[in-house]
Amino acid sequence: MTEAQLERQHVDGERPAPIFLVGCQRSGTTMLRLVLDSHSRISCGPETRFLTDLERIVGRDWERLARFGLPQEEWLRRIADFFGGIHEEYARGRGKTRWADKTPLYAMSLDFVTRVFPDAQIVHVIRDGRDVVVSHRKRFGYWSAVKCVVKWPRYIRTARAVGRTLPADRYYELRYEETVTDPEKAMRGLFEFLGEPWEAGILEYDDKQHDVARKYTTEAEKRRAAAGTDAPIYGSRVGTYRRELDPFLRLLVRIFSGGMLRELGYR
């Protein structure tokens, strides 16, 4: 979103464009959610996950629902009013003027998300798939790591395919590694894309109140303790695959994720 668009919103009372934060699970989307939620204008609340359930209305249930006589555009508008209304009310209650949704799963349904919200800005967080596999194993177990070698490239391929159809001011890729090694530079680039003013306090997101389940804060505290830091953003988990990926998972990654790793420039 350009500065001119942001200014027009203030003058004309237009609704600010919604933000959707997506990416394969364990790629840093929770951290980015808290950064966005720390901005004075942006509210990024709990994951919703249910938006794509409504796709059935204009998808497999359409033949039946079309008998109501309403065009698909009207159904999409009403879905947007319902879903966006929840976010807008939540944002207003927190003194915010713009809403964001962090649901990693929506990476697989961006075609529908962008039909419901044609002005949405998509932020796609990408992390080295080898580290994502390690994180899946530590968080969800070994079988989850095995499945991740296929899931990770599928998420990225699907989200990027939609991203290529969107204008430059609607789709933005953010690398996890750049975010944790030079947070201010990475975040300045993100907020410039969003058309929002820079606020240094967003990097200290743990000093602010967020509606986050206790399991997330407990996990974050454990990770920081293991890394020997109390900083909210740190880069010690970059490259963990070098010491934590066993031979079998390395082989699976090479077979199923190798092409995407090369495409993204991971060596």
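Here are some worked exercises on the structure above.

The model is predicted, so local features need pLDDT of at least 70 and side-chain atom pairs count only at pLDDT 80 or more, while totals for chains, interfaces and linings use all residues. Residues are numbered from 1 along each chain as its sequence is written, and side-chain values use heavy atoms, with hydrogens and water left out.

**Exercise 1. Strand β1 and its partners**

Find out which strands pair with β1, and whether its faces are covered or open.

Solution.
- Step 1: Locate β1 at residues 19-22. Strands are DSSP runs of E with at least two residues, helices are runs of H or I with at least four, and both are numbered from the N terminus.
- Step 2: Look for pairing, which requires at least two DSSP bridges between two strands. Strand β3 (residues 98-102) runs parallel to β1 and is joined to it by three bridges; there, L21 has K102 as its bridge partner.
- Step 3: Turn to β4 (residues 121-126), also parallel to β1, with four bridges. Here V22 is partnered by H124.
- Step 4: Check the faces. I19 and L21 are buried on one side, F20 and V22 on the other, and both faces are covered. Buried means under 20% relative accessible area, exposed over 50%, and partly exposed in between (1.4 Å probe, protein chains only).

**Exercise 2. Cysteines**

Work out how many disulfides the model holds.

Solution.
- Step 1: Apply the rule that a disulfide is a pair of cysteine sulfur atoms within 2.5 Å. The count is zero.
- Step 2: Try C44. Its closest cysteine sulfur, in C24, is 18 Å away, so a bond is ruled out by distance.
- Step 3: Try C148. The sulfur of C24 is again the nearest, at 4.8 Å, and C148 is in no disulfide.
- Step 4: Add the surroundings: C44 is buried at 0% relative accessibility, and C148 is buried at 0% as well.

**Exercise 3. The setting of V133**

Describe where V133 sits and what it touches.

Solution.
- Step 1: Place V133 in helix α6 (residues 129-140).
- Step 2: Read its accessibility: at 1%, V133 is buried.
- Step 3: List its contacts (heavy atoms within 4.5 Å). Not counting residues up to four places away in sequence, V133 touches A145, C148, V149, L245, L249 and V253.
- Step 4: Compare sequence with space. Y241 is 108 residues from V133 in sequence, yet their C-alpha atoms are 8.1 Å apart.

**Exercise 4. Salt bridges**

Trace the salt bridges of E244 and R160.

Solution.
- Step 1: Use the rule: a side-chain nitrogen of Lys or Arg within 4 Å of a carboxyl oxygen of Asp or Glu. The whole structure has 19 salt bridges.
- Step 2: Take E244 with K138, where N and O are 3.7 Å apart. This pair links distant parts of the chain, E244 in helix α11 (residues 241-244) and K138 in helix α6, 106 residues apart. K138 is exposed at 51% relative accessibility.
- Step 3: Move to R160 and E173, which meet at 2.7 Å, N to O. R160 lies in helix α7 and E173 in strand β5 (residues 171-175), 13 residues apart. R160 is buried at 17%, whereas E173 is partly exposed at 28%.
- Step 4: Return to E244, which also forms a salt bridge with R237, with the closest N and O atoms 3.5 Å apart. Through shared partners, R137, K138, R237, R243 and E244 belong to one network.
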